[in-house]
Amino acid sequence: MKDYTAKVIANEKLCDGAYALMLETEGMPEVKGGQFAMLSVPPADRILRRPLGIVTADDRTCSFIYQIKGKGTEALTRLTFGDTVEVMLPLGNGFPKIECERLAVVGGGFGVAPLYLAAKDNADKEVRIYNGFATKSQIMLEGLFSEAGKLTVCTDDGSYGFHGFPTQALESELDEFRPQAIFCCGPEPLMRAVKRIGESRGITTYLSLEQRMGCGVGACLTCTCKVAGHNKRVCKDGPVFLSTEVYE
Amino acid sequence: MNTAVKLCGHTLKNPIMTASGTFGFGREYDEFYDIGRLGGIVGKGLTLAPREGNDGVRIAETPSGILNCVGLQNPGVEYFIENELPFMKSKDTVVVANVAGSTVSDYERIVERLSDTDVDMIELNISCPNVKSGGMAFGVLPSGVEEVTRAVRGKCRKPLIVKLSPNVANIADNAKAAELGGADALSLINTITGMAVDLKSRKPLLGNVTGGLSGPCVKPVALRMVRQAYKAVSVPIIGLGGIESAEDVLEFMLCGATAVQVGTANIHDPYAALRIAEDLTNAMKKYKITDVNELIGALIEG
Ligand SMILES: Cc1cc2nc3c(=O)[nH]c(=O)nc-3n(C[C@H](O)[C@H](O)[C@H](O)COP(=O)(O)OP(=O)(O)OC[C@H]3O[C@@H](n4cnc5c(N)ncnc54)[C@H](O)[C@@H]3O)c2cc1C
Ligand SMILES: Cc1cc2nc3c(=O)[nH]c(=O)nc-3n(C[C@H](O)[C@H](O)[C@H](O)COP(=O)(O)O)c2cc1C
Ligand code: FES
C-alpha cells in the first residue's frame, strides 16, 4: 500500500446518483480483486477519507464507481479533469485466488465495484456473474462484466434482464452450474441470502463487508466487525471474509 | 537549529510523538516511512487481559473532527510484551506504553509488569471515555487522579506520564493532583465526550452512544488546557489535540508543552507525523526560532 497524489482524468455520471471516477498516477501498484482505496474528498472540513472498491487498475490508472451518499461523495462529483486526489491503495485482503473449476460471482448495486477484478483474477475458471440492480436505469458496468464471465444482469422490477434478485438467478442455475465457490459483495440482505445459499449447499462463500473506516490500514481499530466471535478489522483483516465466520 | 527536547531523562530527536490509539503499535505506519524518525511512539492503550472493545459503529465524522468509541480493544499486555514491544524497541525512537484499567489494582499490576521490560516510559490513561466501568472514574475528580497516580507510582520503575481527561471541572486541579501523586510528566488532552445522531433511524450513530471527539476542532480547547496545566505544575507537559502542522506544534510549545503527540492526523494522512516532524525546521526558520526549547511556555500574556 502507498499514498498517491493522483490526477482526475474522468469523473462522469453513470446514471442517477452514480458516478465513475478514473485517476491517473505514476507507478500504480498491482491490485487484487476485492481490494479498495481510501480517497480524500474535497471539503476541507471533511477530514476522513472515503473507502471505495477498485473497479479497474493498470500500471497508470485506477477507476471507481460511487454512489452519492453524503457530503463527501456529493463533493466528489464536482471534481473535474486535472484536479488532484490523495488516494491510498491497494488496501485490504481482496478475494482469494482459489482452486476450483466453477465460480459464481454475485453483486448488488454498488457492491459490483470490486467484483470485476475478482472475476478477472479467476479467469482460468468457468465464471458466472449475477449482478442485480433495482431497475434498468441503474444498471452499471454491463459491458465490462461481460468480459469477465457469463453475465446475468438482474433487475428487481424486471425492467431488464432476469426479473428478480441475483440470488434467484443464481439459485435457478445452481443444479446445472454447480459452482464450488461464490464471491459476493452488496447490501447486507443480499450477502445474508448468499451466505444461506452457499452454506446450505456446502459451497465455499466469500463476502466483502462494509464498515465505517478511519485509517484504512489497520491502526485505529474503528472499522471492526464480528468475525468468528472476535472483533476484526474490516480494512486489514478483510474486507473479504468467509461467510461461515460473519453475520452470525 | 535544534529540535531535540529532553523528557523524563530521555532525549527526543524532535518533539513529535504519536498519540495512543491512532498509530497501532507502529507497524502499519512503518510501511509508509521509518517511524524511527519521530521523537517518540506511543502504542495503543493496553489492559491486563485482551479486550474486544465496543460493538457496532465506532467512528463518525463531524466538521474538522471525528468521534470514536473503540473501547480499548487491545491484545493484552502479555501479547504486547511478546509480539509488539520488540518491534517498537527495534526503532531508533522513544517507546511509550499506554495503559488503562478498571481498578487501582489493575493499574498497579500492568505498570509493575511493564516495569520489567525495556519500554522507555509508561503513559497512564485515566481518562478513556469509552470504557463503561473504570477509566473515567479515576480521571474526573482530582482525588481520584491523585489516588491512582500515587498507587501506580509505588509500583512503577519507569518514567510515569499521566494522561488527563478534558471532561473535568478544572484541568489545573487535576494536573496538580497528578503531580502530587508522583507523575513525572502529564499529557493532555484525551478526547472530549460527544455524540452523533442518525436522523434516519432516530438512533445514536455510534454503537456506544457516546464517543470521544478529536481532530482540529478540539485544538483550541487543548491549547487552553495545556496553558492552564503548565501554570499549575512544574513537571513537563506533552500537548495534544488536533495537531495537523508544524505551526500547531510550535503553538502548543508556546503554551507550555515540552513535546507533542499527533493523533487523528495519522488517521487521514499516513505521513502526518513525519510530515510535521520534517516541516518543523521550516516553521522554526519562518518564526526565527533556533532552538525549540526556547518556546516552551514562553507565551507572552497581557
Ligand atoms: C471497503 C469498502 C468499499 C466500498 N466501496 C464502495 C464503492 O465502490 N462504491 C460506493 O459507492 N461505495 C462504496 N463504499 C461505501 C462508501 O465508502 C460510502 O458510501 C461513503 O464513504 C459515504 O461517504 P459520504 O461522504 O458520501 O457520506 P457521509 O455520510 O457524509 O460520510 C460520513 C462518514 O461516514 C462514512 N460512511 C458513510 N456511509 C458509509 C458506508 N456505507 N460504508 C462505509 N463508510 C460510510 C464515510 O466514509 C465518512 O467517514 C465502500 C465502503 C467500504 C467500507
Ligand atoms: C481512534 C482513536 C483511538 C484512541 N485510543 C486511545 C487509547 O487507547 N488510549 C488513549 O490514552 N487515548 C486514545 N485516544 C486519544 C488520543 O490519543 C488523543 O488523546 C486524542 O485523539 C486527541 O488528539 P488528536 O486530536 O490529535 O487526535 C484515541 C483517539 C482516537 C481517535
Ligand atoms: S480503519 Fe483503522 S483499523 Fe480499519
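**Exercise 1. Find the residue that stands opposite Ile192(B) in E14(B), then place the two strands in their sheet.**

Solution.
Step 1. Ile192(B) faces Leu213(B), a residue of E14(B). The model is predicted.
Step 2. Look at the strands. E14(B) covers residues 210-214 and runs antiparallel to E11(B). Four bridges join the two.
Step 3. Widen the view. The order E5-E6-E14-E11 describes an open sheet of four strands in chain B, with antiparallel pairing.
Step 4. Mark the edges. Strand E5 (59-62) and strand E11 (192-195) of chain B each pair on one side only.
Step 5. Add the twist. From one strand to the next, it averages 40 degrees.

**Exercise 2. Trace the seven-strand open sheet of chain A and state which strands are its edges.**

Solution.
Step 1. Write the order: E11-E10-E9-E8-E12-E13-E16. The pairing in this sheet is mixed.
Step 2. Pick out the edge strands. They are strand E11 (162-163) and strand E16 (240-242) of chain A, each pairing on one side only.
Step 3. Check one pair. Strand E13 (residues 204-208) of chain A meets E16(A) in the antiparallel sense, over three bridges.
Step 4. Find a residue pair there. Leu207(A) stands opposite Phe241(A), which belongs to E16(A).

**Exercise 3. Work out why the site of ligand 1 is shared between chains, and what lies around the ligand.**

Solution.
Step 1. Start with the chains. Both A and B supply residues around ligand 1, so the site is shared between chains.
Step 2. List the nearest residues. The shell has 21 residues, and Pro51(A), Gly70(A), Gly72(A), Thr73(A) and Glu210(A) come nearest.
Step 3. Sort the shell by type. Nine residues are nonpolar, six are polar and six are charged.
Step 4. Go to the domains of chain A. Domain 1 (2-91) and domain 2 (102-245) both give residues to the shell, so ligand 1 lies between them.

**Exercise 4. Identify polar partners of ligand 1, and say how much of its area the protein buries.**

Solution.
Step 1. Take the nitrogen. A nitrogen atom of ligand 1 is 2.9 Å from a polar backbone atom of Ile65(A).
Step 2. Take the oxygens. A polar backbone atom of Gln67(A) lies 2.8 Å from an oxygen atom of the ligand. For Arg212(A), an N or O atom in the side chain is 2.8 Å from an oxygen atom of ligand 1.
Step 3. Turn to area. Ligand 1 taken alone exposes 830 Å², and the protein buries 87% of that.
Step 4. Assign the shell to elements. Strand E4 (50-53), strand E6 (61-67) and helix H1 (71-76) of chain A give two or more residues each. E4(A) gives the most, with four residues.

**Exercise 5. Locate ligand 2 and describe its surroundings and cover.**

Solution.
Step 1. Place the ligand. Ligand 2 lies between chains A and B.
Step 2. Name the nearest neighbours. Of 25 residues around ligand 2, these are Ser20(B), Lys163(B), Gly215(B), Gly242(B) and Thr264(B).
Step 3. Read the side-chain contacts. An N or O atom in the side chain of Thr264(B) is 2.6 Å from an oxygen atom of ligand 2. For the side chain of Lys44(B), the distance from such an atom to a ligand oxygen is 3.0 Å.
Step 4. Add a backbone contact. A backbone N or O atom of Gly45(B) lies 3.2 Å from an oxygen atom of ligand 2.
Step 5. Finish with cover. On its own, ligand 2 has 610 Å² of accessible area, and the protein covers 98% of it.

Conventions
Residues numbered from 1 in each chain as written. Chains lettered and ligands numbered in written order. Predicted model: local features only at pLDDT ≥ 70, side-chain atom pairs only at ≥ 80, totals over all residues. Heavy atoms only, no water. Near = heavy atom within 4 Å. Polar contact = N/O pair within 3.5 Å; in protein donor to acceptor, adjacent residues only side chain to side chain. Areas by Shrake-Rupley, 256 points an atom, 1.4 Å probe, with all protein chains shown as cover. Nonpolar A, V, L, I, M, F, W, Y, C, P; charged D, E, K, R; others polar. Domains from an automatic or database assignment. Pairing = 2+ DSSP bridges. Axes fitted to C-alpha atoms, helices over the stretch in contact; angles between N-to-C directions.
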